[in-house]
Amino acid sequence: MNDLAPLIAVLQVLIVVVGVGGGWWLLNALTSFDDHDELWIASNWAYLLQRVGFVFVQVVGVSSLVGQDLDKWSSLAWVGGGLVWATVLAVLGFVLTDIILLRTRPTKLNELDQIPLPMALVRLGFYLGLGLVVRATFVGTAPDLRTALLATLAFTAAGIAGLVIAFYLHALVVRGNLRQAIAAGGVTEALESGAVLASVGLILYGAMAGDFTTWPESFAGFGMALGVAYVGLYIARYVIDWFVLTGECTLKTIHEQQQKAAAALLAFLLVMVALPISAVVNLYVD
């Protein structure tokens, strides 16, 4: 190993820690309320979920770059640039979830502590899916730098579109108006929606993480994974309803009666189903 490798590795980690920590401090400085009051005194879970999700996109998104090219000082620039890119996408995710759920302007910074828990849960699910998509775009190699950058842009956009489409498809599958139910305080609807978004991101990670081959092959693999994600998750949803949600607890009653424990179990099982699907997709695409 190169003598500089340990130093470069430490500096890479330091870039991530300082960048994420500095961003956390900056947001606290820009808002009219104080994190100490909201997080530790008021125990504002909705605000905490948003902050944690944002950091997830940053850290998980850039994590595949950390530990790479430890014999090159230029790797520090790639880690720094990747962190900036992940942060920009996390901001975009924040805006998109506002548009999807509220269909209005992005929430002002000073209103972050007023976001209801259901919306924060969906935003967290979107962040989890987005973080995995961002990480996947940094995994693997490409024939040249230009192809690598274009592939990163193209598949980041495709991944984000896949997550947005996933929410609207889920809204078509569930009974009633999903967006209105979440806005009205539906925690169970938010739990399931967030799990669907995280699961789709996990499956897309399996499709996108790896070496670049050709544009047709890469997009074909992405499209296949997206189709498998949508179909597989909803088959699993009904299988869970038939064999796990027994007695007086069904997909219908979970939301009608706000059965939160059952909704949490459903959300967990959807993500667990996505794990093996992601692994199979990754093998197929490779």
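The largest share of the lining of the largest cavity, three residues, comes from helix H4; helices here are DSSP runs of H or I with at least four residues, numbered from the N terminus. This is a predicted model, in which local features need pLDDT of at least 70 and side-chain atom pairs count only at pLDDT 80 or more, while totals for chains, interfaces and linings use all residues. Residues are numbered from 1 along each chain as its sequence is written, and side-chain values use heavy atoms, with hydrogens and water left out.

A cavity is a set of points, on a 1 Å grid over the protein atoms alone, where a 1.4 Å probe fits but cannot get out, and lining residues have an atom within 4 Å of a point. One cavity of 30 Å³ or more is counted, and the largest cavity holds about 30 Å³ of space. Its lining consists of Thr 97, Ile 100, Leu 101, Val 122, Phe 167 and Leu 197. Five of these residues are nonpolar, one is polar and none is charged; Ala, Val, Leu, Ile, Met, Phe, Trp, Tyr, Cys and Pro count as nonpolar, Asp, Glu, Lys and Arg as charged, and the others, Gly among them, as polar.

Thr 97 and Leu 101 of H4 and Val 122 of H5 also belong to the contact between these helices, contact meaning heavy atoms within 4.5 Å. The axes of H4 and H5, lines fitted to C-alpha atoms over the stretch in contact, come within 10 Å and cross at roughly 140 degrees. H4 and H5 are therefore oblique to each other, a class for angles outside the ranges under 35, 65 to 115 and over 145 degrees. The residues of this contact comprise 13 nonpolar, two polar and two charged.

A second helix pair is H1 with H3, whose axes lie 11 Å apart and pack at an angle of about 160 degrees. H1 and H3 are therefore roughly antiparallel to each other. Val 16, Val 20, Trp 24 and Leu 27 of H1 meet Arg 51, Val 55, Gln 58, Val 59 and Val 62 of H3.

The second largest pocket encloses about 410 Å³, a pocket being an open set of points with protein on both sides within 12 Å along at least five of seven lines. Of its 22 lining residues, Leu 27, Phe 54, Val 91, Leu 109 and Leu 112 are the closest to the centre. Helices H1 (5-30), H3 (45-63), H4 (74-102) and H5 (117-137) each give two or more residues to this lining.

Methods
Grid points are joined across faces, edges and corners, and a volume is the space filled by probe spheres set on the points. Axes are lines fitted to C-alpha atoms, for helices over the stretch in contact, and angles run from 0 to 180 degrees between N-to-C directions.
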